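Welcome! Open the model in your viewer, and we will go from the whole chain down to a single stop in a loop.

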Amino acid sequence: MSEPRVLFVTSNRIGDCVISSGMIREIGRQLPGARITVACGRPPAPFFRSAPGVERVIILDKKKLAGHWLDLWKQVVGTRWEMVIDIRGSALSYLIPARRRVVYNRSWETGLRKVEMVSRLMGSETPLDPEIFLDDQARAEAAAVIDPQLAGRAGPGPILALAPIAHQPGKSWPADRWGQLVERLMAEPRFAGWRFMPVGGPGDRPPATPALETAGDRAIDFVGKGDILASAAAIDRAALFVGNDSGLMHVAAALGRPTLGLFGPTEWWLYGPWGPKTRTVASNETRGQFAPIEALTVDHVFEAVLALHDAFIRAGAAGKS
């Protein structure tokens, strides 16, 4: 009997791909030996190159008149799929042959965290924890940037990763405040000798510049230095992560890094980072009420970073003594 073929249509957004990444191993549990084809946007595509069971990644570059869906249909219609999973709820899922279809629709949005929603979609009674499938290539690319920047400096120092970017309006904490936050942390004894590493894509340098300039010779510049999996490998080198509500925030949480997510006028209780080592800080921390992210003060974020440190760095050090 041949291995079952599975088509997994996932998001063009990094964060949504991370949130639904637990589906990959669940496919293998439900269909041992499954050969998985993933269709996704270009930015998150590297996530799947070393994911278990994935034999092909089809990149969906958006085209006029939904031409990208037609292109995908042409590539997959000739295969008899054991299962089609579509978290984008597209019509394509009903236009190709499949024994079973798992298709997301808005009726699933009942106030559950998104990880829980996609888990129920797959019929899992327990949450399917997000996972990042790092490979040697990504780790090598991260090391090629980080290690030379550490060389020759006094002491290796733990790394605090920062993601001062978000690609949706209203989600980005002002760039100058990231510089102010780094300045406060550099003067804080808990962070003596620490390095500060902004992470982002090629277009994210302007919001990262104040943090980089403030950190000076204690900065590690990982902005625009590689694809998303290389950025994930860089974050995996960090002891702590602080970032806007963004895909990189979800990456850090999925890697198990102690993660602080900054939120403005979005539902932090639904879209916050997932995992036991995560925290959020919001401009309005009353559920159902919102304030612009500009209302989130440096003092508030600074105190939240100290609390994150004390919960996972200081407490860990105490446990080893």
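A residue is called buried under 20% relative accessible area, exposed over 50%, and partly exposed in between, using a 1.4 Å probe and protein chains only. By that rule, 52% of the 321 residues of the protein chain are buried. What you see is a predicted model, where local features need pLDDT of at least 70, side-chain atom pairs count only at pLDDT 80 or more, and totals for chains, interfaces and linings use all residues. Residues are numbered from 1 along each chain as its sequence is written, and side-chain values use heavy atoms, with hydrogens and water left out.

Next, select the protein chain and show it as a cartoon. Look for eleven helices and eleven strands; these are DSSP runs numbered from the N terminus, with helices (H or I) of at least four residues and strands (E) of at least two. Its C-alpha atoms fill a box of roughly 60 × 45 × 45 Å along the principal axes.

Now switch on the surface. The protein chain exposes about 14400 Å², and carbon and sulfur atoms supply 52% of that area, computed by the Shrake-Rupley method with a 1.4 Å probe.

For the last stop, select Ala151. Which two elements flank its loop? They are helix H5 (136–150) and strand S6 (159–163). Is Ala151 buried or exposed? Ala151 has a relative accessible area of 51%, so it counts as exposed. Finally, add Ala254 to the selection: it lies 103 residues from Ala151 along the chain, and their C-alpha atoms are separated by 29 Å.
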